Amino acid sequence: MGNKLETIDVNLYYGDFHALKGISMFISENSVTALIGPSGCGKSTYLRLFNRMNDLIPNTRIEGQVLLDGEDIYQIKPSKIDHLRRNVGMVFQKPNPFPKSIFENVAYGLRVNGITDKSFIGAQVEKTLRQAVLWEEVKDKLKKSAFELSGGQQQRLCIARALAIEPSVILMDEPASSLDPISTGKIEDLIFELKNLYTIIVVTHNMQQAGRVSDYTGFFYLGNLIEFDKTKKIFTNPSKPETENYITGRFG
Amino acid sequence: MTFPESNLRRKKLGQALMFGLARAISYGIVAILLLILFFIVKQGIGVVNWRFLTAMPENGMTQGGIFPAIVGTLYLVAGSMLFAFPVGVMAGIYVNEYAKEGPVKRFVKMMTNNLAGVPSIIFGLFGMALFVNELNFGASILAGSLTLGLLALPIVIRTTEEALKSVDDTFRQASYALGGSKLYTVRKVVLPIALPNILTGLILAVGRVSGETAPILFTVAAYFLPKLPGSVFDQCMALPYHLYVISTSGTQIEASRPMAYGTAFVLVVIVLIVNILATLLRNYFGKKVKMN
Ligand SMILES: Nc1ncnc2c1ncn2[C@@H]1O[C@H](COP(=O)(O)OP(=O)(O)OP(=O)(O)O)[C@@H](O)[C@H]1O
Ligand SMILES: [Mg+2]
């Protein structure tokens, strides 16, 4: 398995605030990488590097290289950013389906791409809803508003929405933090399933979750990447005392 | 923790007082509105009949109907909205979605607010200078509509801006994250969500425009016309101006008093109908946004 993504000495500034301090890390293909660390340490900021969502925040400055399949995504033409985002999907912390029907939510990304073939869209919607293990629950009410779904269903809908345009990377920012334990379990199972097809980075505050779903774990603290290794190693035998303190709950 | 009993009671009393006051004030406002409506209905309803609505004025406007004034007002409202709605919505979209934070945006917003505070007679003078004279439209429906449109513009811009601002940013982010361009996101996500509130701006603007006299005074309104307007370059009569004319000038003010109340009644009813229609429209779209 090669490196799908790589950051080389990345610094990010919000105005004067130095939010990411020289982060170098790689993400291997078809694996799940968890980002952990106390609140405000830069996990979400780091995640947003990969689909250039930080670009939308005014006064943001980025140094260093972010490679996707070996190409620096910060050197591409601005007109190619939309293309990048089709390849790198994102699931947000709070479920945020559009105020449209369940069907239209999943179809949105396809329509963005200019796809109009009705039968293709229909097939793709069904396929991704099945992938997101939501199909059985919604197949009879595809025309109903997405807002009629429960929070957990909404989040799986958002995952289906991200999958529909077949990205190769999926970024998840605390995808289960607003959900009940059962919904959380479903999302975790889903992540586990999806890693065969996608490269996944997931931010989480939940240590058990990181331990359960991820292959690699990066521990962030105050904008620094303190430690990055196989999840098994991080959780059984971390090499830095800060990491150990954090995962055993002694701070943060 | 324990709280002193008297303190709690005083708090409760204070709250009850405030609520009572607030309720009294809102009931008072409703009462005043009803009083105005009652007065106009009482004075006007006896005059209004089918003939009054569909006939031309007769006998120096002491008899007959107000048909041309109704038609004129409808033309002017439609014309001004045809101009103000697209322009205002686009300006609102620009200010809220495209303009970068900074002095330019602040200046544009400040000017919009100032424009909303300009007295309507100034709009009338400006409309006369620009549309009637400079652009040579003459006193015409075109000039009057554009002048009224200018008056409505800040209302439409501001409500559009507010409507867009209230759209949760997470929807925009979700769209961008799927590769949606800015334009696509605005068109397919932001605007549909904001539409019900934007329509509120349209309602407000229609209400404002249909009752204005000063802006049409020099730009379109005619004292009396024997014929309906045939093109946008013709003058027309209008309800508020007609009302003004028959109650202030002319030789038979007393004789035309019933006509004045009838006109007022029709004007109020038209504004009411437009408001109800627009509210229904807004609710319909509000539901559709959720269901779609
Ligand atoms: N838009 C912004 N403008 C300025 N500073 C920001 C912005 N977003 C984040 N920051 C700052 O950057 C730092 C990292 O924020 P980030 O959201 O990446 O943290 P996080 O690790 O995801 O935290 P959490 O676990 O609470 O989500 C924080 O100190 C935060 O205050
Ligand atoms: Mg975060």
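This passage describes a predicted model with chains A and B, moving from the interface to the core and then to single residues.

The interface was examined at the outset. Chain A and chain B bury about 1900 Å² between them. Of this area, 63% lies on carbon and sulfur atoms. The size of an interface is often given in this way, as the accessible area lost when the parts come together. Chain A brings 27 residues to the contact, and chain B brings 21 residues. In chain A, the residues that lose the most area to chain B are Phe98(A), Pro99(A) and Tyr108(A). Together they account for 27% of what that side buries.

Polar links across the interface were then counted. Four residue pairs are in polar contact between chain A and chain B, with both residues at pLDDT 80 or more. The count of salt bridges between the two chains is zero. Several elements of chain A build its side of the contact. At least two residues each come from α2 (81–87), β6 (88–91), α3 (102–112) and α6 of chain A. Helix α3(A) gives the most to this side, with four residues.

Attention then turned to the nonpolar core. In soluble globular proteins, nonpolar side chains tend to be buried together. The largest nonpolar core of this model holds 140 residues. Within this core, Tyr46(A) and Leu129(A) touch the most other members. Helix α6 of chain B, residues 141–165, supplies the largest share of the core, with 12 residues. The surroundings of Leu129(A) were listed without its neighbours within four places in sequence. Leu129(A) is in contact with Val106(A), Leu134(A), Trp135(A), Val138(A) and Leu142(A). Leu157(A) and Ala160(A) are also in contact with Leu129(A).

Cysteines were considered next. A disulfide is a covalent bond between the sulfur atoms of two cysteines. Over all chains, the structure holds zero disulfides. Cys158(A) has a relative accessible area of 3%, so it counts as buried. Cys236(B) is also buried, because its relative accessibility is 1%.

Two loop residues of chain A were examined. Gly15(A) sits in the loop between β1 (3–14) and β2 (17–28). Gly15(A) has 36% relative accessibility and therefore counts as partly exposed. The C-alpha atoms of Gly15(A) and Pro58(A) are 8.4 Å apart in space, although 43 residues separate the two in sequence. Beyond its neighbours within four places in sequence, Gly15(A) is in contact with Asn59(A) and Arg61(A).

Ser168(A) lies in the loop between α6 (151–163) and β7 (169–173) of chain A. At 18% relative accessibility, Ser168(A) counts as buried, because the cut-off for this class is under 20%. The side chain of Ser168(A) makes a polar contact with the side chain of Lys4(A), at 3.1 Å. Not counting residues up to four places away in sequence, Ser168(A) touches Lys4(A), Asn87(A), Tyr198(A) and Thr199(A).

A loop residue of chain B completes the set. Pro229(B) is found between α9 (214–217) and α10 (239–248) of chain B. Its relative accessibility is 15%, so Pro229(B) counts as buried. Pro229(B) and Tyr75(B) are 154 residues apart along the chain, and their C-alpha atoms are separated by 9.6 Å. Tyr75(B) is also in contact with Pro229(B). With neighbours within four places in sequence left aside, the other contacts of Pro229(B) are Ile141(B), Asp234(B), Gln235(B) and Cys236(B). Cys236(B), noted above as buried, is thus one of the residues in contact with Pro229(B).

How values were computed
Residues are numbered from 1 along each chain as its sequence is written. Chains are lettered from A and ligands numbered from 1 in the order in which they are written. This is a predicted model: local features need pLDDT of at least 70, side-chain atom pairs count only at pLDDT 80 or more; totals for chains, interfaces and linings use all residues. Side-chain values use heavy atoms; hydrogens and water are left out. Buried means under 20% relative accessible area, exposed over 50%, partly exposed in between (1.4 Å probe, protein chains only). Contact means heavy atoms within 4.5 Å. A nonpolar core is a set of buried Ala, Val, Leu, Ile, Met, Phe, Trp, Tyr and Cys residues joined through side-chain atoms within 4.5 Å. A polar contact is a pair of N or O atoms within 3.5 Å; within protein, one must be able to donate a hydrogen and the other to accept it, and residues adjacent in sequence count only if both atoms are side-chain atoms. A disulfide is a pair of cysteine sulfur atoms within 2.5 Å. Buried area is the accessible area (1.4 Å probe) that two parts lose on being put together, summed over both. A salt bridge is a side-chain nitrogen of Lys or Arg within 4 Å of a carboxyl oxygen of Asp or Glu.
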